[in-house]
Amino acid sequence: MLGELGLENKRCIAFTGAGGKTTAVYTCVREMREEGLMAAAVTTTKMWKPQEGFLLWRDDLSAEEVKEWIRLHGMRPVTIGRELPDGKIGSIPLNAIKTLVDQGVRLCVEADGAKGKWIKIPNAREPVVPDFCDAVIGILNQKALGKAFLEVAHRPEICAERLGKRPEDLVEMKDLCRLWLDKDGIFQNCRQIKRAVLSGVEPGMGEALFKEYREVFRWMRQQEMPVYIWERNDDRQRVFRTDQEPL
């Protein structure tokens, strides 16, 4: 994924949006580990506590202790955070995140929450992207297409209203494009390198999706925000940039 997105050399990457952030975070951490890099996952909001590899944050936790924990887990992703009472974990201090990055630990930061929905519009305080992050991956899920905002959107009434629609209206590809492009969309207040990623695509289905929406994807390219289609299941994955595929 990182190579296809042109982000393989970035030290700190944030993930925003809905419908695939956590999976993308761990996918990228694994890729970094496979390259022999020190890498871990953190959040600046909340995320579900992983079943393995969780390192409980302490104020006196050193970068060397983190690196040793990463070494002990091999290729399995490590997550660092504060334990919360609802089965989730919370953010470690932003200055600690920056210190880890400066000490050679590459971090993938889940910087947004969507309560398991497939699309979202952020509120005024979202996403929580540290200003020292190098890049932001904004994820929206194609499974939302053709379904009502009420069914698939986080805060559906607000999301639909911002897009000039009603909660019972069906989500269209142009709605996802606006969520990527609008100043109050999922890249709100982000000045870093941005990558728009369409998730929820089964392997082999990306080409058909590309052909169905190629005019929309061409328009996104003209806006200097090309869409990357992320095909994935448990066995394999592929990421491709829509403006590099044959028309």
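## Strand β2 and its partner

How many bridges join β2 to strand β7, and do they run parallel or antiparallel? In this predicted model, 5 bridges link β2 to β7 (residues 106–110), and the two strands run parallel. One place to see the pairing is Ala39, whose bridge partner in β7 is Arg106.

Strand β2 covers residues 39–43, and 5 of its 5 residues are buried, so the strand is largely enclosed by the rest of the structure. Side chains in a regular strand alternate between the two faces of the sheet. Here, Ala39, Ala41 and Thr43 point one way from β2, while Ala40 and Val42 point the other way. Residues on both sides of β2 are buried.

## Aromatic rings

If you like looking at ring geometry, start with the phenylalanines. The model has 1 aromatic pair. Its members are Phe210 and Phe217, with ring centres 6.3 Å apart and planes at 5°, so the pair is stacked. The planes would need to be under 30 degrees apart to count as stacked, and the 5° angle fits that. Phe210 is buried, at a relative accessible area of 2%, and Phe217 is also buried, with 2% relative accessibility.

Another ring to view is that of Trp48. The charged end of Lys88 sits over this ring, 4.8 Å from its centre.

## Cysteines without disulfides

How many disulfides does the model contain? The count is 0. For Cys133, the closest cysteine sulfur belongs to Cys12 and is 3.3 Å away, which is too far for a bond. The cut-off behind that reasoning is 2.5 Å between the sulfur atoms. Cys133 is buried, with a relative accessibility of 5%.

Cys177 is in no disulfide either, and here the nearest cysteine sulfur, in Cys159, is 13 Å away. Cys177 is buried too, with a relative accessible area of 1%.

## The surroundings of His154

Cys159 comes up again around His154, a residue of strand β10 (residues 153–154). Is His154 buried or exposed? With a relative accessible area of 9%, His154 is buried, because the limit for that label is under 20%.

Setting aside residues up to four places away in sequence, His154 touches Gly113, Ala114, Lys115, Lys117, Ile119, Lys120 and Cys159. There is also a polar contact of 3.2 Å between the side chains of His154 and Arg155.

## Phe54 in strand β4

Phe54 belongs to strand β4 (residues 54–56) and is buried, at 13% relative accessibility. Which residues does Phe54 contact, leaving aside neighbours within four places in sequence? They are Lys49, Trp69, Thr79, Ile80, Gly81, Arg82, Glu83 and Ile89.

For a sense of scale, take Phe54 and Asn123. These residues are 69 apart in sequence, and their C-alpha atoms are 29 Å apart in space.

## Asp243, after β13

Where is Asp243 found? Asp243 lies in the segment after β13 (237–241). Apart from neighbours within four places in sequence, the contacts of Asp243 are with Arg221 and Pro226.

A second C-alpha distance starts from this residue. Asp243 and Val78 are 165 residues apart along the chain, and 34 Å separates their C-alpha atoms.

Notes
Residues are numbered from 1 along each chain as its sequence is written. This is a predicted model: local features need pLDDT of at least 70, side-chain atom pairs count only at pLDDT 80 or more; totals for chains, interfaces and linings use all residues. Side-chain values use heavy atoms; hydrogens and water are left out. Rings of Phe, Tyr and Trp (its six-membered ring) pair if their centres lie within 6.5 Å; planes under 30 degrees apart count as stacked, over 60 as edge-to-face and the rest as tilted. Buried means under 20% relative accessible area, exposed over 50%, partly exposed in between (1.4 Å probe, protein chains only). A charge sits over a ring if NZ of Lys or CZ of Arg is within 6 Å of the ring centre and within 35 degrees of the ring normal. Helices (H or I, at least four residues) and strands (E, at least two) are DSSP runs, numbered from the N terminus. Contact means heavy atoms within 4.5 Å. A polar contact is a pair of N or O atoms within 3.5 Å; within protein, one must be able to donate a hydrogen and the other to accept it, and residues adjacent in sequence count only if both atoms are side-chain atoms. Two strands pair if DSSP finds at least two bridges between them.
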